Amino acid sequence: MNAGLQALVREAQATGRIAGLPGQHFIDGRFVPAARGGRMETFDPGTGEAFVTFAAGDADDVDAAVRAAQAALRGPWRSMAPGDRGRLLWRIAERIRASADRLAVAETLDSGKRLSEALGDVAGAAATFEYYAGACDKHQGDSIPLGTGHLAFTLNEPAGVTAHIIPWNYPLSTAARGIAPALAAGCTVVAKPAEQTPLTALMLAELCAQAGLPAGVCNVVTGTGAAAGAALVRHPGVQHISFTGSVATGIDVMQAAAPHVTRLVLELGGKSPVVVLADCDIEQALEGVLGAIYENAGQICSAGSRLVIAREIHEVFVDRLQARAEAMQLGHGLRDCGMGPVSSLAHRDRIAGYVSRARARGVRVRTGGQACADPQTGRGWFYPPTILDDLPALDEAVQDEIFGPVLAVQLFDDLAQAVALANGTAYGLVAGVYTRSFAAAHQLARDIDAGQIFINEYFAGSIAVPFGGNRRSGFGREKGMEALRSYSRIKSVAARIS
Ligand code: NAD
């Protein structure tokens with residue numbers, strides 16, 4: 001840990017916060033208070049204490065932000081050459097890297113995640129801006145052969161004002177994942193971070209301005225989903241919505257988008273299977289399954305929350321998994337233990353409810369299953385790594401996204417059954433496969449209904465690889481060049497020339 005980061009961690013541990021955290025909306029290039037003066041608190045899940053207040057926005061603030069974004073679309077941003085846009089995005093990435101320590105400590109305090117995970121998220125956010133910086137001047141259209149008498153080609157126009165609704169589990173990286181390609185495509189942005197984690201989106205908007213992004217191009221309005229989020233997605237000035245969150249809210253967002261026929265991408269939940277075949281590299285699979293479910297305390301849309309395992313290795317594999325889970329230390333994210341807290345008391349109660357109902361049904365709880373606190377301080381909202389073993393396919397703990405460190409184990413006897421179990425929920429976000437068999441891996445990749453398949457490395461990939469779900473996990477794709485296309489509108493031009 002470098003000296004600057006150490007100093008910030010000490011400050012946060014001593015005072016519960018760090019100096020200079022943002023607490024107002026960022027609209028039209030500057031921080032502004034909520035029009036009606038509303039304020040809310042954000043909590044440190046690692047202590048359960050509120051540590052900073054921020055603007056509680058509503059429809060008036062959203063309207064001001066959308067107007068700023070509309071005006072910016074007509075300003076110098078419109079005529080900036082794609083190469084210059086790319087250089088600007090690169091400078092934003094440099095600012096993110098230069099502010100990595102502050103961003104990471106703020107993210108840890110706000111979301112509860114371990115400091116090393118937060119640092120990884122910051123590096124990922126910078127890499128996202130770098131990727132799209134390079135893409136700005138390569139986002140070209142087609143020329144369409146109609147014969148010598150005609151000329152036809154397509155233009156990629158910016159979609160317009162884009163709304164970004166961001167969840168609390170990956171506040172900075174989800175913001176960057178939407179904002180960077182939107183800017184690369186020439187759009188303007190109004191982002192609404194989750195009310196549990198407003199800080200890093202605001203910090204990102206300020207860094208964008210410091211890097212030279214014209215005023216109004218990137219705006220952030222904070223507040224609740226009901227007051228600020230709902231006003232943003234139904235605003236007639238918004239041309240594209242990127243929503244990341246729960247299925248229930250995603251359905252509301254679709255309905256709010258319908259009256260203005262606003263296009264949207266929905267990144268919703270998941271109940272993703274990790275399929276482990278008997279011939280796998282056991283060490284590799286153990287590492288993969290552990291990270292898939294316990295990273296970020298299981299609060300990952302693409303968490304591998306179901307272990308679908310060959311019966312012949314089940315007992316020995318789950319024994320070893322249990323030992324590894326029990327060895328994980330819980331603690332405040334700033335101490336960077338094995339696992340941090342979950343995001344809120346209400347969320348912890350929800351997780352605990354799933355496990356106690358499973359216990360009452362007679363499910364074997366191999367480990368965990370009891371809400372707890374930071375063992376060093378007795379504070380905070382923690383839930384230990386938990387394993388529910390040998391569940392039937394229709395069990396609630398198999399079907400529902402628990403969004404916590406709770407692994408549901410299912411057993412199969414052959415590949416066809418593995419596929420049936422893997423596809424046996426309403427979700428289809430991602431899936432993991434562990435096997436040494438090239439053919440089996442690719443049969444599973446072919447037959448599992450999910451937007452992304454990881455083979456022998458869960459979470460494999462990078463910002464360059466498209467990401468998104470099927471069925472109730474949503475539609476549309478973020479990341480990769482797909483995201484750039486999604487923030488663009490194609491205009492076809494056809495002319496008779498002779
Ligand atoms: P949520 O749906 O409650 O909230 C997400 C965001 O939507 C927040 O910013 C919230 O303020 C806002 N919101 C709430 N009501 C709204 C409304 N009516 N109109 C507009 N915005 C509104 O979800 P959450 O509990 O914060 O996040 C957890 C969920 O998000 C999980 O289901 C998880 O799987 C999903 N998620 C998906 C991805 C993905 O990429 N697929 C990534 C992260 C999280």
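## Aromatic pairs

A search of the whole structure, which is a predicted model, finds seven aromatic pairs. One of them joins Tyr131 to Tyr132 in an edge-to-face arrangement, with 4.8 Å from centre to centre and 90 degrees between the planes. The accessibilities of these two residues are as follows. Tyr131 has a relative accessible area of 23% and is therefore partly exposed, whereas Tyr132, at 0% relative accessibility, counts as buried.

Tyr458 and Phe459 also form an edge-to-face pair, with ring centres 4.7 Å apart and planes at 75 degrees. Tyr458 is buried, because its relative accessibility of 6% falls under the 20% limit. Phe459 has a relative accessible area of 27% and so counts as partly exposed. Through ring pairs, Tyr458 and Phe459 belong to a cluster that includes Phe454.

## Charged groups over rings

Two contacts between arginine and an aromatic ring may be added to this account. The charged end of Arg357 sits over the ring of Tyr354, at a distance of 4.8 Å from the ring centre. Arg85 lies over the face of Trp77, and here the distance from the ring centre is 6.0 Å.

## The hairpin of strands 3 and 4

Strand 3, residues 39–44, and strand 4, residues 49–55, run antiparallel and are joined by six bridges. The two strands form a hairpin with four residues between them. Within the turn, Gly48 has a positive phi of about 80 degrees. Two residue pairings across the hairpin can be named: Asp44 stands opposite Glu49, and the bridge partner of Phe43 in strand 4 is Ala50.

Strand 3 has two distinct faces, one covered and one uncovered. Met40, Thr42 and Asp44 make up the covered face, while Arg39, Glu41 and Phe43 make up the uncovered one. Asp44, the residue opposite Glu49, thus belongs to the covered face because of its place in that set. Phe43, the partner of Ala50, is on the uncovered face.

## A contact distant in sequence

Arg379 and Gly46 are 333 residues apart in sequence, yet their C-alpha atoms are 7.0 Å apart in space. Arg379 is found in the loop between strand 13 (364–367) and strand 14 (386–389). With 37% relative accessibility, Arg379 counts as partly exposed.

## Cavities

The model contains four cavities of 30 Å³ or more. The largest encloses about 70 Å³ of space. Its lining consists of 13 residues, of which Gly298, Ala303, Ser305, Glu401 and Phe403 are the closest to the centre. By class, the lining of the largest cavity comprises seven nonpolar, four polar and two charged residues.

The second largest cavity has a volume of about 60 Å³. Its lining includes His164, Ile165 and Ile166, together with Thr174, Ala175, Arg177 and Gly178, and also Ser242, Thr244 and Glu478. Strand 6 (161–165), helix 7 (171–184) and strand 9 (240–244) each supply at least two of the lining residues. Helix 7 provides the largest share, four residues. In this cavity the lining divides into three nonpolar, five polar and two charged residues.

## The second largest pocket

The second largest pocket has a volume of about 500 Å³. It is lined by 24 residues, and those nearest its centre are Asn156, Glu157, Pro158, Ala185 and Gly186. The elements that give two or more residues to this lining are helix 3 (76–79), helix 4 (82–98) and strand 5 (150–158). Strand 5 gives the most, with five residues.

By class, the lining of the second largest pocket holds 10 nonpolar, eight polar and six charged residues.

Notes: Residues numbered from 1 in each chain as written. Predicted model: local features only at pLDDT ≥ 70, side-chain atom pairs only at ≥ 80, totals over all residues. Heavy atoms only, no water. 1 Å grid on protein atoms, 1.4 Å probe; cavity = no way out; pocket = protein on both sides within 12 Å on 5 of 7 lines; lining within 4 Å. Points joined across faces, edges and corners; volume = space filled by probe spheres on them. Nonpolar A, V, L, I, M, F, W, Y, C, P; charged D, E, K, R; others polar. Pairing = 2+ DSSP bridges. Phe/Tyr/Trp six-rings, centres within 6.5 Å; stacked < 30°, edge-to-face > 60°. Buried < 20%, exposed > 50% of the residue type's maximum accessible area, 1.4 Å probe, protein only. Lys NZ or Arg CZ within 6 Å of the ring centre and 35° of its normal.
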